[in-house]
Amino acid sequence: MSADSLNTEILAADAAGVARAAELLRAGALVSFPTETVYGLGADATNDHAIAQIFEAKGRPHFNPLIVHVPSSDAIAEIAVLEGAALDLAQAFWPGPLTLVLPLKPNGPLSALVSAGLPTVAVRVPAHALAHRLLEAAGVPIAAPSANPSGRISPSTAQHVLDGLSGRIAAVLDGGPCDVGLESTIVGLEPEPVLLRPGGLPVEAIEAALGRTIEGRQTGAAVNAPGQLESHYAPNALMRLNADVELPGERLLGFGHVDAALNLSPSGDLVEAAANLFRFLHQLDADGDAPIAVSPIPDHGMGRAINDRLRRAAAPRG
Ligand code: TXA
Ligand code: MG
């Protein structure tokens with residue numbers, strides 16, 4: 001059977017939908033599900049074959065490490081070591097849009113493909129009622145990258161998932177649009193906390209909880225992961241950032257008090273802008289390939305994660 005020949009099931013956000021999604025996951029199939037950040041492409045993290053299929057379906061060029069999702073921090077003990085500053089952050093922010101890169105538990109149940117051979121594993125407890133019910137019903141840790149073809153814009157609706165992966169995955173559980181709209185913040189422990197990816201939890205909140213500032217570490221890092229590549233999250237059209245005005249032929253993706261057909265947040269609210277970002281990029285993609293100019297976005301709070309995604313979307317294409 002070719003990778004594109006599946007009849008992708010669209011499952012409703014009810015008891016039957018959750019039960020079917022959990023059944024498929026336990027059988028080793030790929031199921032996309034909503035979280036508060038973006039839709040994930042889930043598979044049983046203990047099943048090598050299921051995890052290998054994630055890379056195949058996304059067209060990921062390498063076995064990059066994946067984030068493992070569990071219903072509560074109690075479920076971490078079996079797979080990873082949660083202590084010290086990591087435990088403080090887990091207690092402060094889980095469930096929520098925070099991923100922690102923790103030491104792997106020796107001889108644990110996870111497929112080695114999940115952590116791409118590293119001695120660490122990225123884990124998170126999502127704050128999304130439907131995701132929680134699915135993780136409980138599945139009864140196994142679920143590895144899930146964002147449910148988009150490699151290098152493309154992350155999905156914040158079930159339709160985005162289908163646009164990119166229909167026929168390549170068993171099912172999508174439709175829980176409506178994601179509240180946060182961009183991926184989780186990733187913090188590594190080396191052993192001090194370092195910021196590996198800005199995301200849905202503002203770094204200022206993490207620093208406030210720890211009572212100190214934390215360093216960022218991105219490109220050139222030990223892990224060559226897709227969210228850390230220069231060009232990523234890319235629409236088809238070229239993008240120009242920090243644009244105060246739109247040039248002839250450009251389409252303006254606005255922010256704040258500017259006149260734009262698509263405005264991330266006319267009132268200048270960064271949380272609203274984050275929630276709209278990927279949806280608007282998908283929409284611009286569907287509407288043609290005229291270049292996109294983007295208004296300046298303040299670089300604090302959720303603005304840091306928005307600017308990170310915009311820089312990658314605008315980066316020279318490989
Ligand atoms: O919000 C999210 O985090 C979404 C939802 C579905 O949970 N997931 C997501 O996964 O964004 P993905 O695969 O698109 O991004 C995973 C990132 C990679 O960029 C990789 O750098 C990092 O997680 N990662 C995973 N395991 C790691 C590890 N052991 N060490 C360092 N980074 C790791
Ligand atoms: Mg991704």
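Contact here means heavy atoms within 4.5 Å. The exercises concern a predicted model, in which local features need pLDDT of at least 70, side-chain atom pairs count only at pLDDT 80 or more, and totals for chains, interfaces and linings use all residues. Residues are numbered from 1 along each chain as its sequence is written, and side-chain values use heavy atoms, with hydrogens and water left out.

**Exercise 1. List what Ile-206 touches, not counting residues up to four places away in sequence, and place Ile-206 in its core.**

Step 1. Ile-206 touches Leu-89, Phe-93, Leu-98, Thr-185, Val-187, Leu-201 and Ile-214.

Step 2. A nonpolar core is a set of buried Ala, Val, Leu, Ile, Met, Phe, Trp, Tyr and Cys residues joined through side-chain atoms within 4.5 Å. Buried means under 20% relative accessible area, exposed over 50%, and partly exposed in between, with a 1.4 Å probe and protein chains only.

Step 3. The largest such core has 47 residues, and Ile-206 is listed with Val-68, Trp-94, Leu-98 and Leu-100 as having the most contacts inside it. At least two residues of this core come from each of β3 (39-44), α2 (48-58), α3 (84-93), β5 (98-103), β6 (120-124), α5 and α6 (203-210). Another core, of 27 residues, lies apart from it and includes Ala-274 and Leu-277.

Step 4. In soluble globular proteins, nonpolar side chains tend to be buried together.

**Exercise 2. Find the partners of strand β9 (residues 185-189) and state how enclosed it is.**

Step 1. Helices (H or I, at least four residues) and strands (E, at least two) are DSSP runs, numbered from the N terminus. Two strands pair if DSSP finds at least two bridges between them.

Step 2. With β5, β9 pairs in the parallel sense over 4 bridges; Leu-98 stands opposite Thr-185.

Step 3. With β10 (residues 193-197), β9 pairs in the antiparallel sense over 4 bridges. Leu-189 stands opposite Pro-193, and a hairpin of 3 residues joins β9 to β10.

Step 4. In β9, 4 of the 5 residues are buried, so the strand is largely enclosed by the rest of the structure.

Step 5. The open sheet has 11 strands, with mixed pairing, in the order β1-β8-β2-β3-β7-β4-β6-β5-β9-β10-β11. Its edge strands, β1 (9-11) and β11 (215-216), each pair on one side only.

**Exercise 3. Describe the course of helix α7 (residues 270-286) and what covers it.**

Step 1. The 17 residues of α7 reach 24 Å from the first C-alpha to the last, close to the 24 Å expected at 1.5 Å a residue; the expected span is 1.5 Å times one less than the number of residues.

Step 2. A kink of about 40 degrees is centred on Leu-277. The bend at a residue is the angle between axes fitted to the seven residues ending there and the seven starting there.

Step 3. Among the buried residues of α7 are Asn-276, Leu-277 and Phe-280. Their cover includes α5 (158-165), β14 and α8 (302-314).

Step 4. After α7 comes Gly-288, with a positive phi near 135 degrees.

**Exercise 4. Is Asn-263 buried or exposed, and what does it contact?**

Step 1. Asn-263, in strand β14 (residues 262-263), is buried, with a relative accessible area of 13%.

Step 2. Leaving aside neighbours within four places in sequence, Asn-263 is in contact with residues including Asn-276 and Phe-280.

How values were computed. Chains are lettered from A and ligands numbered from 1 in the order in which they are written.
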